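Trainee: I have not looked at this protein before. Could we go through it by question and answer?

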Amino acid sequence: MLRSLEHTDILCVSDSLHDINLMKHPSQEYHRYATIVENIRDFVKEDWSVQFVHSLREGNRCANYPAKLGPNSGTCISGVDSPPWDLLGLLVADVLSVPVL
């Protein structure tokens, strides 16, 4: 999907520091998710720039909103052409640097 949209710079933000470290450091051969981690690493080796960054869940409301929807959507991956209406308020608050309460 990213390739078809001609995206070459990808920023992967996660609130799981453990997951970020799995991507950045040599894998443990017998880790429960070693196969998935290696598949992601193979994906990253393709012709694009991928960065893995840690972010606190509380400090990234815009990313947290679709993450909460994911388990209830019934699909593994989905794309959107424009943000859902419920997310627009969070985007405006982010642009205006409204503090998290």
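Mentor: A nonpolar core is a set of buried Ala, Val, Leu, Ile, Met, Phe, Trp, Tyr and Cys residues joined through side-chain atoms within 4.5 Å. Buried means under 20% relative accessible area. Keep in mind that this is a predicted model.

Trainee: In what order do the elements of the protein run from the N terminus on?

Mentor: The protein has four helices and two strands. Read from the N terminus on, the order of these elements is β-α-α-β-α-α.

Trainee: Which residues make up the largest nonpolar core?

Mentor: This core has eight residues in all. Helix 1 and strand 2 (49-54) each supply at least two of them. The members are Ile 10, Ile 20, Leu 22, Met 23, Val 37, Trp 48, Val 50 and Phe 52.

Trainee: Which element gives the largest share of this core?

Mentor: The core includes Ile 20, Leu 22 and Met 23, and these are the buried residues of helix 1. The largest share, three residues, comes from helix 1.

Trainee: Why do the buried residues of helix 1 count as lying on the same side?

Mentor: The residues concerned are Ile 20, Leu 22 and Met 23. They are on the same side of helix 1 because around its axis they cover an arc of only 155°.

Trainee: What do the buried residues of helix 1 pack against?

Mentor: Contact here means heavy atoms within 4.5 Å. By that cut-off, the buried residues of helix 1 pack against strand 1, helix 2 and strand 2.

Trainee: Within what arc do the buried residues of helix 2 fall?

Mentor: Ala 34, Val 37 and Arg 41 are buried in helix 2. Seen down the helix axis, they line one face of helix 2, because they fall within an arc of 65°.

Trainee: Which helix is included in what covers the buried residues of helix 2?

Mentor: Helix 2 spans residues 34-44. The cover over its buried residues includes helix 1 (17-24).

Trainee: How many salt bridges does the structure hold, and which side chains meet in them?

Mentor: In one, the side chains of Arg 41 and Glu 38 meet at 3.0 Å, N to O. In another, Asp 42 and Lys 45 meet at 3.8 Å, N to O. The number of salt bridges in the structure is two.

Trainee: How far apart along helix 2 are Arg 41 and Glu 38?

Mentor: Both residues lie in helix 2. Their spacing is about one turn of the helix, or three residues.

Trainee: Is Arg 41 buried or exposed?

Mentor: Its salt-bridge partner, Glu 38, is partly exposed, with a relative accessible area of 30%. Arg 41 has a relative accessible area of 15%, and the cut-off for buried is under 20%, so Arg 41 is buried.

Trainee: Is Lys 45 buried or exposed?

Mentor: Its partner Asp 42 has a relative accessible area of 42% and is partly exposed. For Lys 45 the relative accessible area is 66%, and exposed means over 50%, so Lys 45 is exposed.

Trainee: What separates the C-alpha atoms of Asp 9 and Trp 48?

Mentor: Asp 9 lies in strand 1 (residues 9-14), and at 61% relative accessibility it counts as exposed. Trp 48 is one of the core residues. Asp 9 and Trp 48 are 39 residues apart along the chain, and their C-alpha atoms are separated by 6.0 Å.

Trainee: Which residues does Ser 55 touch, not counting those up to four places away in sequence?

Mentor: Ser 55 is found in the loop between strand 2 and helix 3 (61-73), and with a relative accessible area of 17% it is buried. Its C-alpha atom is separated by 5.9 Å from that of Ser 14, 41 residues apart along the chain. The residues Ser 55 touches are Val 13, Ser 14, Asp 15 and Asn 60.

Trainee: What accessible area does the nonpolar patch on the surface have?

Mentor: The patch is formed by Val 92, Val 95, Leu 96 and Val 98. Val 98 lies in the segment after helix 4 (85-95) and counts as partly exposed at 39% relative accessibility. Together the four residues have an accessible area of about 390 Å².

Definitions and conventions:
Residues are numbered from 1 along each chain as its sequence is written. This is a predicted model: local features need pLDDT of at least 70, side-chain atom pairs count only at pLDDT 80 or more; totals for chains, interfaces and linings use all residues. Side-chain values use heavy atoms; hydrogens and water are left out. Buried means under 20% relative accessible area, exposed over 50%, partly exposed in between (1.4 Å probe, protein chains only). The arc is that of the directions from the helix axis to the C-beta atoms. Patches are made of residues with over 30% relative accessible area and no salt bridge: like charges are joined within 9 Å, nonpolar side chains (Val, Leu, Ile, Met, Phe, Trp, Tyr) within 5 Å. Accessible areas come from the Shrake-Rupley method with a 1.4 Å probe; for residues, only the protein chains shown count as cover.
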